[in-house]
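Colleague: I've just opened this one and don't know where to start. Could you walk me through reading it?

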Amino acid sequence: MLNNSKQKNKKPISLEKGLGLIILLFTLSAFSSLAVSSNVPDITSKQLNAEYWQKKLENNEVMAMKSEEISAFNQELFASNPHIVDPLTSPSKLSKAELIEKIKSISRIPSSPRFYANGSQLSKQNFENYTANLNIEEVAAKNTVRFGLVSKRSALRTFPTLDKVFNKAMDLDLDRFQETAVFPGEAVAILHSSKDGNWLLVQNYNYLAWVQQNDIAIGDKEQIEDYLARKDFLMITGSKVLTSYVPNKVAVSELQLDMGVKLPLLSAAEQQDELYGQSTSGSYQVKLPTRNQDGSLSIQTALIGRTQDVNQGYLNYTPQKVIEQGFKFLGERYGWGHDYNGRDCTGFVGEIYKTFGILMPRNSGQQGKGTYGTNFRFDKNATTVTKLNVINKMQIGDLIYIPGHVMMYLGDEEGKPTVIHDVKGLAYWKPNGEFYKGSLNAVSVTPLIKLHLNETTSYVDRIYNIKRLTLNSVEGL
């Protein structure tokens, strides 16, 4: 029961004050719920938004390269870089020696031991089983090269198997048979089939490895060339987009399309007002490669809602757009070789730049050591001061290479360069003198200077190149 004597001494709270108190409590509660707990030093919650970095740009519409320059950039890359190829220019036949050389270039038995997830070491017999499935004994004197289009995202593997293997460190995130991935609409040259008939050795624009045959639709070279030559196309600009659901049509229903996927749009004459039992007025109609039961290519129409994160044609290559695209992956789990339905450091930057029409080699060493773009290279004798002089002049989107890793420059925060990257480990010295070593394992925004590989080696110590994607190849140092 209430004490009436005490109640008499209390003034009633006005409606306005009561509402104000409720709003204040709600605001404080919301602020508390939005607080960011993180093991990343010197990064605040406001820095985890693309808009924060975009607002710092003096001129956010400066074009780094125009469309015709990007086209010339890619042409030069195909002409001069051995790690970028047009699979449709592959010869129609390969000799026995040529094909065996390609098989062995990817499917090599490692010199160091490998282990299964249960800790057992792969035996000589295990590797003999994998090499037997390479089907080398069936390589003929002359071997016909076929061509195809990728019908759904699929892993490229060292050997024709889904078995996961690891090195002696037993980091179960790093499957050493995982190489990279291919995506819907990509062309591949098909060089060979595994002994069990479930795998194909394929070459896409930047990698050679084994892919499950059920994810490749085999077609005539002319048909594939026509598909790729379509000038009007839809570019996937979100981290992941799904085609619209279609009852009883699995091949085109809710298919995942990752950033950088490019699909031809139907011409006005080809479009339909209604399709798959729905109006198409709110959708884009795209040509999607699908695989028939016999493995042959069939081009079908898929619908993608107009509210999806897509763009008609390539995005304009501006610093503002580079930042925007990078942040669309923020927080995505790190996936070694595009594992875990994600991507790794080079997959991260590669997918971003594909939305502008820019292609790059697959691996970080191939990118960092490549001569394309403007390069600020450092030899092993380069001092920290020399590197910092270049770091302080970086531009948005510059790529920073250390052995086995690449980062993308976001901007400067009170004299501290900040990067966004898809990264596994995290290490740095705390202000109290304690050395912290933990995990990021995701696309993350971090400081550059403070990061370490170990107690004595910083990221800056290991930087060997800072690359700016420009038309002309320039050695900046």
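Modeller: Sure, and let's start with angles: axes are lines fitted to C-alpha atoms, and angles run from 0 to 180 degrees between N-to-C directions. Keep in mind that this is a predicted model. Now look at helix α9, residues 345–354, which runs at about 65 degrees to β21. Helix α9 lies across β20, β21, β22 and β23.

Colleague: What is the order of the strands in the open sheet?

Modeller: The order is β23-β22-β21-β20-β24-β19-β25, seven strands with mixed pairing. At the edges sit β23 (435–447) and β25 (474–475), each pairing on one side only. Another helix, α8 (residues 319–327), packs on the sheet and touches β21, β22 (416–429) and β23. The direction of α8 makes about 120 degrees with that of β21.

Colleague: How many bridges join strand β20 to strand β21?

Modeller: Four, and the two strands run antiparallel, with β20 at residues 399–402 and β21 at residues 405–413. For one bridge, find Y401: its partner in β21 is V406.

Colleague: Let's try a single residue. Is G238 buried or exposed?

Modeller: The cut-off for buried is under 20% relative accessible area. G238 has 3%, so G238 is buried. You'll find G238 in the loop between β10 (233–236) and β11 (240–242).

Colleague: Which residues is G238 in contact with, leaving aside its neighbours within four places in sequence?

Modeller: Those are D258, M259, D309 and K328. As for N129, which is 109 residues from G238 along the chain, the C-alpha atoms of the two are separated by 40 Å.

Definitions and conventions: Residues are numbered from 1 along each chain as its sequence is written. This is a predicted model: local features need pLDDT of at least 70, side-chain atom pairs count only at pLDDT 80 or more; totals for chains, interfaces and linings use all residues. Side-chain values use heavy atoms; hydrogens and water are left out. Two strands pair if DSSP finds at least two bridges between them. Contact means heavy atoms within 4.5 Å. Buried means under 20% relative accessible area, exposed over 50%, partly exposed in between (1.4 Å probe, protein chains only).
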